[in-house]
Amino acid sequence: MIDFNKNEKQRLESESDYYQFAIYYGLIRESDLPKYQASSGSTQFLIDEIDSRLKGIQTLKASGYKGNITHQDLYSRFDLVGEEDEETIYCEVKCRNIPSTLYEEDILSYPKYEELVGYDNAYYICCFSDNVSYIYNIKNCKVREGYTHHNKYTSIASKKISEKMVYFNKKDGTRVEL
C-alpha cells in the first residue's frame with residue numbers, strides 16, 4: 001500500500017497503485033472501483049487522468065505556485081483546485097502527446113472553456129510531451145473560436161468528430177519547463 005501522505009511524488013507503477021491513488025484523493029468512490037477494474041478502457045482513462053493531474057500539479061509548482069492543490073473528482077467541473085492566501089484557483093489540465101513547438105496555439109473544447117470563463121481565477125494548463133507546459137489565465141487571454149475535424153481518441157475508442165474549440169495563442173500563456 002502506498003502512503004500518499006508520506007510521499008506525494010511516489011511513482012505509480014501498477015493499476016492497483018492508480019486505483020489506490022484515485023480512491024485516496026477522491027477521484028472515484030471505492031464503490032465505483034469494480035466498474036474501472038472490469039474495463040481496460042476505463043482503467044486507461046483513469047490512469048491518463050491521474051497522470052494529467054500530476055503533470056498539472058508539477059507545472060503549477062514549477063511556476064512558483066506555493067498554495068495547497070487538491071484533486072477534484074473525475075466528473076467535477078475542474079481537475080485541480082488551489083488555495084493560497086485565501087485565494088482559490090480553478091484549473092483544467094490537458095496533456096498533449098505532441099511537442100510544445102508543433103503549433104502556435106493550444107486548444108480547449110468550447111464547453112470546457114464555457115465552464116471556466118465564469119470564474120475569476122480559472123486557469124487552463126496545457127502540458128506537452130517535451131516537458132513544457134503553458135498556463136493560461138482564462139480572464140487574461142484573447143481566444144479565437146473555431147472547429148476541428150479530427151479523430152477523437154479516448155482511452156476507450158476512436159471516432160471522427162467535428163468539435164467547437166477555443167484557441168489560445170502561446171504568447172498569452174506562461175511557459176513552464178519541467
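Helices here are DSSP runs of H or I at least four residues long, numbered from the N terminus, and Lys112 sits in one of them, helix H4 (residues 110-117). Keep in mind that this is a predicted model. The chain has four helices and nine strands, and its radius of gyration of 16 Å agrees with the value near 16 Å that a compact globule of 178 residues would have. Here's a quick tour, from the whole chain down to single residues.

**The chain as a whole**

- Reading from the N terminus, the order of elements is α-α-α-β-β-β-β-α-β-β-β-β-β.
- The C-alpha trace spans about 45 × 45 × 30 Å along its principal axes.
- Buried residues make up 42% of the 178 in the chain.
- If you take contacts between residues at least 6 apart in sequence, 54% of them join residues at least 24 apart.
- The accessible surface adds up to about 10500 Å², and carbon and sulfur atoms own 44% of that.
- On the charge side, there are 23 positive and 29 negative side chains. The centres of those two sets lie 5 Å apart.

**Helix H1 and what follows**

- Helix H1 covers residues 15-24, and its buried residues are Asp17, Tyr18, Tyr19, Phe21 and Ala22.
- Those buried residues pack against helix H2 (33-38), helix H3 (40-62) and strand S1 (68-71).
- Tyr25 is in the loop between H1 and H2. With 23% relative accessibility, Tyr25 counts as partly exposed, because buried would need a value under 20%.
- Tyr25 and Ser14 are eleven residues apart in sequence, with their C-alpha atoms 17 Å apart.
- Gly26, just after H1, takes a positive phi of about 75 degrees.

**Strand pairing around S3**

- Strand S3 (residues 87-95) pairs with strand S2 (residues 80-84) in the antiparallel sense, over five bridges.
- In that pairing, Glu84 stands opposite Glu87 of S3.
- S3 also pairs with strand S5 (residues 122-127), this time running parallel, with six bridges joining the two.
- Cys95 is the residue that stands opposite Cys127 in S5.

**Backbone spots with positive phi**

- As background, most residues other than glycine have a negative phi.
- The hairpin of S2 and S3 has two residues between the strands, and Asp85 there takes a positive phi near 50 degrees.
- Glu86, in the loop between S2 and S3, also has a positive phi, about 60 degrees, although it is not a glycine.
- Glu86 counts as exposed, since its relative accessibility of 86% is over the 50% cut-off.
- Asn131 is another non-glycine with a positive phi, again about 60 degrees. You'll find Asn131 in the loop between S5 and strand S6 (132-137).
- At 37% relative accessibility, Asn131 counts as partly exposed.

**Tyr124 in strand S5**

- Tyr124 is part of strand S5, and this tyrosine is buried, with a relative accessible area of 0%.
- Leaving out neighbours within four places in sequence, Tyr124 has contacts that include Glu92, Lys94 and Arg96.
- The contacts of Tyr124 also include Asp106, Ile107 and Leu108, along with Tyr134, Ile135, Tyr136, Ile138 and Phe168.
- Leu108 is 16 residues from Tyr124 in sequence and 8.3 Å away in space, C-alpha to C-alpha.

**Lys112 in helix H4**

- Back to the lysine from the top: Lys112 counts as buried, because its relative accessible area of 15% is under the 20% cut-off.
- Not counting residues up to four places away in sequence, Lys112 touches Ser76, Arg77 and Glu92. Glu92 is also among the contacts of Tyr124.
- Phe78 is 34 residues from Lys112 in sequence, with 9.1 Å between their C-alpha atoms.

Terms used
Residues numbered from 1 in each chain as written. Predicted model: local features only at pLDDT ≥ 70, side-chain atom pairs only at ≥ 80, totals over all residues. Heavy atoms only, no water. Pairing = 2+ DSSP bridges. Rg over C-alpha atoms; globule rule 2.2 N^0.38 Å. Buried < 20%, exposed > 50% of the residue type's maximum accessible area, 1.4 Å probe, protein only. Contact = heavy atoms within 4.5 Å. Areas by Shrake-Rupley, 256 points an atom, 1.4 Å probe, with all protein chains shown as cover. Lys, Arg positive; Asp, Glu negative; His and termini not counted. Charge placed at Lys NZ, Arg CZ, Asp CG, Glu CD.
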